Structure formats: C-alpha cells, structure tokens
Amino acid sequence: MAIEPVPELQIIDRFGPHRLYSKGARLESGSEPDRLVQTHCCFCGMQCGIQLKVKGNEVIGFEPWEEFPFNKGMLCPKGVKRYLQGSHPDRLLTAYQRDPDSPNGFRTLPYDQAIKRVAAEIDRIQKAHGPDSFAVLGGASLTTEKAYLLGKFARVCLRTSNIDYNGRLCMVSAAAANKKAFGVDRAANPWDDILKAKVIWISGSNVAECFPILTDYIWQARENGARVIVVDPRITPIARTCDLFLPVKPGRDIALFNGILNLMIENNWLDHDFIQQHTVGFEQTAEHVREWTPRKTAEVTGIAERSIRQAAEWWGTASSSFLMHARGIEHHTHGVQNCLGAINIVLASGRIGREGCGYGTITGQGNGQGGREHGQKCDQLPGARDIENPSHRAHMAQFWGITPEELPRAGVDAYEMFRRIGRGEIKGMLSICFNPMVSLPDTTFVKWMLERLEFFVVIDFFMSETSRHADIVLPGSLHEEDEGTVTSAEGRVIKINKAIDCPGDARQDWRIIQDIAKALGRERGFTFGSPNEIFQELRGASAGGIADYSGITYEKIEQNMGVFWPCPSEDHPGTPRLFEKGSWNPIAKGAGPYYFPDGRARFNVAPYSPPAEDVDVDFPVILTTGRVVSQFLSGNQTRRIGPLVDQTPEPVIEIHPLLAEKHGIEDGDWVRIESRRSVCTLQARIVTTIRPDTVFVPYHWAGRKSINQVTIAAQDPISKIPEYKVCAVRLIRQYDPPDYLKELEPQQ
Amino acid sequence: MPVHDQMEFFIDPSRCIGCQACVQACGECDTHKGVPMIHLEYVDRGHSTQTVPVVCMHCDSPTCAEVCPADAIKKTADGVVQTARKPRCVACNNCVLACPFGVPKMMTDFELMMKCDMCYDRTSAGKKPMCATVCPSGALFFGTRERIETMRPRGTPVNQFQFGTQTITTKVSMMVPKYAARIEHIDVAAAMNEGSGGKSISLNILTAVYNAKDEA
C-alpha cells in the first residue's frame, strides 16, 4: 500500500525538508569541542579527509584535516556545512507507520514492533509469491560493510535475486567498459598521476562542481606545463581556463573518440610496441574507425574540424597523459560504448600503467567504488565476483554455508525492478540509501509503480520523498553515527569514524538489517557485533577475488591514510597504480598486467548510435542534466542544510541567448519544459556558456521541481544506466509563476 | 604572536570555481560564527562562469581607516586591518562606501562594521586562514612567496592597484597571468564553427530543426 497517506504539503509540514542553520553551541564563540574526530566527508567520491568537532552527542563544526594526503584540508561547501545534517529537526528518531488518519500521514511505533511487522510482511509476500517477489534497493553512500551485509541479507536470508543499488545511476557504464577492456573495474591510477601528465583529457565531467578538489590537481598539472582538453556541451568552471574546449553535442562522444583514434592512426601517433605486446583487437577497431573522418566527426559531434584535429595532435603526440571521464559520457543508452571509445584512445597511445600516464572514471558517490564491489549490485558477488560464474558461485556459496543451488542467480537492474512491480512480479520492497522518487528518470512512472507495492519499507535518517510512500520507515544512521570503510574514486580504502551515537530509537543500519533477519528466524550469519567483525568476514570473502581486500585492516588504513586495493596480504602495501609492467593479478597470473588470462588489454569496436530520443519538430531542444556544487544527488541531506540551500535555492534552466530569443524568453522568465513524459516549470538563466541547441537543468530537487519528471527512462543495453544526459524537450515561456512558488519553500 | 612574516596571502582568480567553500567556511570562524566576512562575485554570469572571491586586501594605507570619523579601524603591527572597534564604531558606513575593493560590511543588527581580518585568531596562532585552507582549487593561497612562485610559473603576484588617481599597495597579492593570453571562447557557439569570431555565428544547428518545423 505504498501510496502517500496524506497530501504532500502535510507530510512536508512535519518532516521537511526544512532548512537548519547554526545555533546554540554551534554558534557560540569560544565553544570548545570535547574532541576532534578524524573521518571523511559523507558526500562525493573524492572522500576528503575532515575533522568533526564533537561536543556531547552533537557535531558542532569542523576543522580542516591538513595531514590527509588527498585533500590536505581542502573542502567544498558541502563538506564545510555537512555537520548541520546532525541534530536536525527533520531527523527521524523513531520508527513510523503509514497512517492516513494522522495529520502528517505517519504515526510512531516502537522499534521492535516495526521490525516484527517488516519481517511478517516479507514472510507473507515471499510465501505467497516466491522469494523473488521481495526486492531490495541499496546505495553507494553506504559503507562497504553495510553494502556487503545488504547483499548477503538479500541472497542468504531473503533468497531473492532482486537486489540492486543506486550506483546503477552512477558509473555502471564505466564499470562495464573497464571490465571489457581491462578485466577489472577500478580507476587505473591514483590522482597523484594527474600532476605528472602533460596532456589532460576531460570528457563529460563538470570537475569543478562535482569533484572540486580534483580541480587543484588538474590546474596544478597545467602550471607544470600540461595542456587541458575539455569535452562538454557547457563551459563549466574547469572548461573556462582549458587549453582546448570541444563543445560536444550531447550524446555524440563516441563519434569524437572514434574520430580521434582515426587521426592517431592516420598520423601514426601510436605506440606500436605497446599495442603489439599488451593488447588484442587493434586491427578490428582500426578498421571500424576508418569511416570517422574529421569531417564526419565534426558533422556528428557539432565540434569544429580544426578543434578535433588539434585535440588529436595534442593527444597523439603527448609524452604523458591522463584521461578522465564521468557521468557526461556514461549517462547514455550507449554509455558503455562511449567509455570503450575513451579507453581505445588511451590504449592506442600506450600511456597507461606508469607514472604520469593514467586513466579513470571519476566515481560520483562516496562509496561508489566499494559499494559496488561486494555484493549489492544485481550481478556481482563479494570481491567483484560474477554471480553467473560457476566457480565464483561455488566459492561464495561455500563461504556463506549454503549450496550453489540455493544462491540466487543474477537479478535485474534497479529501474527494471520498477517495471517488474508493474507486471506484478515484485510485491514488496526494502529500500535504504536510495531516493528513486527524485533520482530515477520519469518519476511519474516510478510513483505509479511504488503505489502498486503491497508493502514498502524504507530505512532512512530523514523522511525522503521516497519514504513518504513507505508503509514502515525505520530510523537509520547518519554517516557520523557509525564506523566502517569506503573506497574512494581512486581505489583508496579509507576509514569512516564514528563521532556520535544514534539519537532516540535510531539504529546503525547494519543492526537494523540484522534485526530483520532475526525476526525472520534466520539470523545465522547475521550476528555481527561491530562493523569490524563484518569487515573481517568481507576480507575473507574478497580473498582471491579481483577486488581483494584480504590484506587490509582498520589499523593499516589509519596508519597509512588509506590502502589501495588490491591488497592480498597483510604485508602487501596496496596497489595505488594498476597495470604496471610486471604486475601480478589473480586472472593473468603473471602473463601480463591486465586482468585476462593472457594478461593483455582489449580494444573494443565501439559503434556510434544516436541517443534514444533525438530532437524533432515537436521536441526540438536537447535537455541535459547534472549537478551544482552546493547540492548532492537527490538532496535528501543537502536540501536540509540552510547555508547550502541559500547558495542554490532552486533549479534554473540554462538557455543560450540565441535559443532564448527564438522563444521570446528573457533572463528570469518562467519556462515550461515539456517532454513526452511530463513537464517541469523553472526560471530561465540566459547564458552563453551552453550550446545553443541544448538546455541544462540540475536534478537535485523533488516533486514539481524535479527535472526527472521530464527525463527519459531509456537505458544502456549493457550497463542499464539511464540516459539522463539527453532527451528531447520543447520550451514554452510562461507569464505566471507556477503554483509551487507560493506553496513550497525553495528546498521542498 | 604576530602572523609569520614569511606567510603571505594570494588570490588567484584564474583558479576560482565559484564554489563558495571560502564563504561558507568563513562563517565557521570562531570570532564571527554564522556570518561570513567575505563574498563571491560573478564577473558576468551571462557570458562567463568566471567568479572572484572577495577577501580583504589589507592595504598599507587602508582607505577604510582613513575615512573613518571615529578612528575605529585599526591595523595590527603585522599589517592586518581589523574589524571596527565596537566602542568606537558609529556605523556611519563611510568605510563601506570608500573601500575600493568593496570589502567592509555593515552589520546593522550590531551597528558595527565587520570585515575580513585574515582569520587573525588562526594566522596569529600559526595556522592558515579558514578560506585559504579549504579552497579546493587553490584560488586562495596562504604560504610563502617562494612557494607560490615555484608552484605557479604561469602567474605573477601583484600588490599595487590603481583606482583613478589613487594608488593602493596591499598586503594581499593578486595573481595575474605572466603572459597575456588571447581568450578563445566566451560563447559556446563560437567554439562550434570554423573561424567564427564569436558573434557572427552561422546557426545551422538551430535552423535545421526550426526550418523543418516551419515547413511542417
């Protein structure tokens, strides 16, 4: 019965999002903390070190942690103000039950009763409709311990194949491409290698706003003599000072990479020795890109031919280089092909696996890397093992004390789960660390599907837009209320430290999951007493796998300010840089540095295809979406932090003056954005920093302000990532502001 | 303890990403919690993402102090211009209007001019100012001149500014490009066409779709 119990405004009235500003001990001068806790930021994949000031059971501020090597005290505004998420009036302090008779839609109930109800509903649904009728959604902001436990819970306790996570919206295209090309899914190099590179290629990443600290690495490299090439439909702050800007038409990145490779071949800007000794498949790929002449590439990508030639020359003749990309090339129905195209130009250059020669995707979420390696992804088992590989299945089944037959097969991706709800195949769902009502495309469809569930339980610390649909909401833990590990975007395993206790009836998430297992009468394997106990099991589970954590301990992480995986034994120092000459891995077993039996990397033919929904006469404008610096993902945390809301109160639509003129739109006008799915009305910001055929809207807001009402649910056939970066819309100037302006505060 | 005389403050606008970490962190300073003393300017958002953080330049002869009728604005021996002294400040706004950099702020609730004091509580205790510690892109830098000259060979520090006939020398330096670079792209459309000079753009990407629409 996952229908919002009362109208939205009544739920918002009680549960927010409300804005919190500093007050009390957080505002008093001379208010000395009891202690400083060294930990990391709770937001993006950079995982900056930060010290939290703790007084009593409250985080009252922060102090830069200048000794942590990645960020050296640097922080973005989200990190600076993150402490305001604690002691927040919106914080869930008890369990809640859906109650349409309550003025705010929910009434409190004792924690134990809530757990019993959850277990009873899971039991009822699975007995009536089979184990797969109950699904689990996880998230990549969970610690690796929680992610591991959640995967084990779904497969061993619930025996459901239906588990997936919000990393499906993040970097799965890059992960799939990395596995196809390198046999392993991890950024190949530590960020330090950026500083030594002479050409830096950034495709589809608004580095300055999404990964602010990385900007310093890139600009320092430029000071050291590097040339920076940025491929983006917008002049983002990192593009503003780049040496070559390629304003790609959204959805056409693969055409560009193919065109660059063709020019590299034509001009013999290739590392023949590397290609011959360390790769396979070059000839086929070379044959495929022959048709991508500079002229054709320019026509398809919308980039000037001379810029394409310039980029190819700089890239082709560089002595060292670093290529990085992010969601800009990954959020596409051909996201995997885009990433493969990028990897092809890296392999052709031979510049990988050594100092100053690197490649990597910039993972978006705090534990985007660790959160996908150990078993909450629908097709993956701990240690980055493949759930359909018989020997991997046998290994994990034995480790968990079940038979391989009892271990569920691969499930479906997070979006497909919603379609399965529609087909009546999934009847119940548990969600943690995921806010699909804001973050999935075509949210109207997502809402319809949620409403069809017989039972929906959410574990969260705030009443997210998604938990408004829940039958039961269980009060989980904030980042600062638990310990554990996460793996940053560069593959560095780091330690999150607990600063305060959970308030009220709130529990650490892993305890909640174990309480449900116990209430189901299947607590075997779910009796851990601490995150470290879970980590010890995870180390064992990952041993011998690709993502081998077996040599990592909490103590070793703290002593070394992080340990890069793979780390197969306690005396192993970890592996900051993958693919070094002579390096060993468990697949190649010494045959070569890449994770295939012959030790060689793979070129992959990456064919061009247009976006699923191209512009036409009815919907003539390209919509692309992304982030702003002061908000994070679905905004469940950052839309409650007053100073961050003030920095960017509401989403605006960026429109080039030439496009605006065609529609009679002026700066500050209200614009109705219509797609085949739905509409969204926002204020216009007229800027020359975007392609005239494209508009941009950030996606952090909910409900009527959510651009994901408009986006398309088309997915990459391999990675299943949705195509957030391109759909077709039309713009209509509005003379009156939308109703929400009067009804809602900016962040709501 | 005075601010270490080798440690200097540098602003490098070419590196500013407009994230406001500096402004948000300034509001966390113990001496003025909740109220940032610095701000961020967009130069012209319609045409560029260029932003500039505005912190006090700590002038050798501070205009704000010179125009203060109550002699409320003092400079420390190590050259840091302080917030107005509470007992003296008459909240007349002279300093706010006179500062050529637009730094002082009138806090009407306290009837007091408050301004960036280079985190004197931190810098006088051997730490870096809050803004320059957190700045994620190196647009605000606190360290030795030797260090910044080694690390930023493309720029050069400048601390003399001309406002009409007034020449101002400051304790804080601004990094400016050593070699004047031609600006390639201000308008995305200019980067999409061959040899386009920025404004004379053939908009084939728009006309293709819109002509089709007109025909339909």
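**Exercise 1. Domains of chain A**

Into which domains is chain A divided, and which residues does each take? Then describe how domain 2 of chain A meets domain 4 of chain A.

*Solution.* The model is predicted.

Step 1. List the domains. Domain 1 covers 21-85, and domain 3 covers 172-361. Domain 4 covers 621-743. Domain 2 is written in two segments, 95-170 and 367-564.

Step 2. Place domains 2 and 4. Their C-alpha centres in chain A lie 31 Å apart.

Step 3. Count the contact. In chain A, 17 residues of domain 2 are in contact with 20 residues of domain 4.

Step 4. Find the contributing helices on the domain 2 side. Helix 19 (436-439) and helix 20 (443-452) of chain A each supply at least two residues there.

Step 5. Sort that side by class. The domain 2 side has eight nonpolar, five polar and four charged residues.

**Exercise 2. A helix pair**

Classify the packing of helix 3 of chain A against helix 21 of chain A. Which residues make the contact?

*Solution.*

Step 1. Take the geometry. Helix 3 spans residues 111-129 and helix 21 spans residues 509-519 of chain A. Their axes come within 9 Å and cross at roughly 60 degrees.

Step 2. Apply the class limits. Roughly parallel needs an angle under 35 degrees, and roughly perpendicular starts at 65. Helix 3 and helix 21 of chain A are therefore oblique to each other.

Step 3. Assign the hand. Helix 3 of chain A passes helix 21 of chain A in a right-handed crossing.

Step 4. Name the residues. Helix 3 of chain A brings Ile115(A), Lys116(A), Val118(A) and Ala119(A). Helix 21 of chain A brings Asp515(A), Ile516(A) and Ala519(A).

Step 5. Sort them. Five are nonpolar, none is polar and two are charged.

**Exercise 3. A three-stranded sheet**

What is the strand order of the open sheet of three strands in chain A, and which strands stand at its edges?

*Solution.*

Step 1. Read the order. It is 1-2-3, with antiparallel pairing.

Step 2. Find the edges. Strand 1 (35-40) and strand 3 (58-64) of chain A each have a single partner strand, so one side of each lacks a neighbour in the sheet.

Step 3. Add the twist. It averages 35 degrees from one strand to the next.

Step 4. Check one pairing. Six bridges join strand 2 (residues 49-55) of chain A to strand 3 of chain A. Leu52(A) stands opposite Phe62(A) in strand 3 of chain A.

**Exercise 4. The chain B side**

Which helix of chain B gives the largest share of the side that touches chain A?

*Solution.*

Step 1. Count. 49 residues of chain B are in contact with 54 residues of chain A.

Step 2. Rank. Helix 7 of chain B gives the largest share, six residues.

Step 3. Sort. The chain B side divides into 21 nonpolar, 17 polar and 11 charged residues.

Notes:
Residues numbered from 1 in each chain as written. Chains lettered and ligands numbered in written order. Predicted model: local features only at pLDDT ≥ 70, side-chain atom pairs only at ≥ 80, totals over all residues. Domains from an automatic or database assignment. Contact = placed C-beta atoms within 7 Å. Helix = DSSP H or I, 4+ residues; strand = E, 2+ residues; numbered from the N terminus. Nonpolar A, V, L, I, M, F, W, Y, C, P; charged D, E, K, R; others polar. Axes fitted to C-alpha atoms, helices over the stretch in contact; angles between N-to-C directions. Parallel < 35°, antiparallel > 145°, perpendicular 65-115°, else oblique. Left-handed = near helix turned anticlockwise from the far one by under 90°. Pairing = 2+ DSSP bridges.
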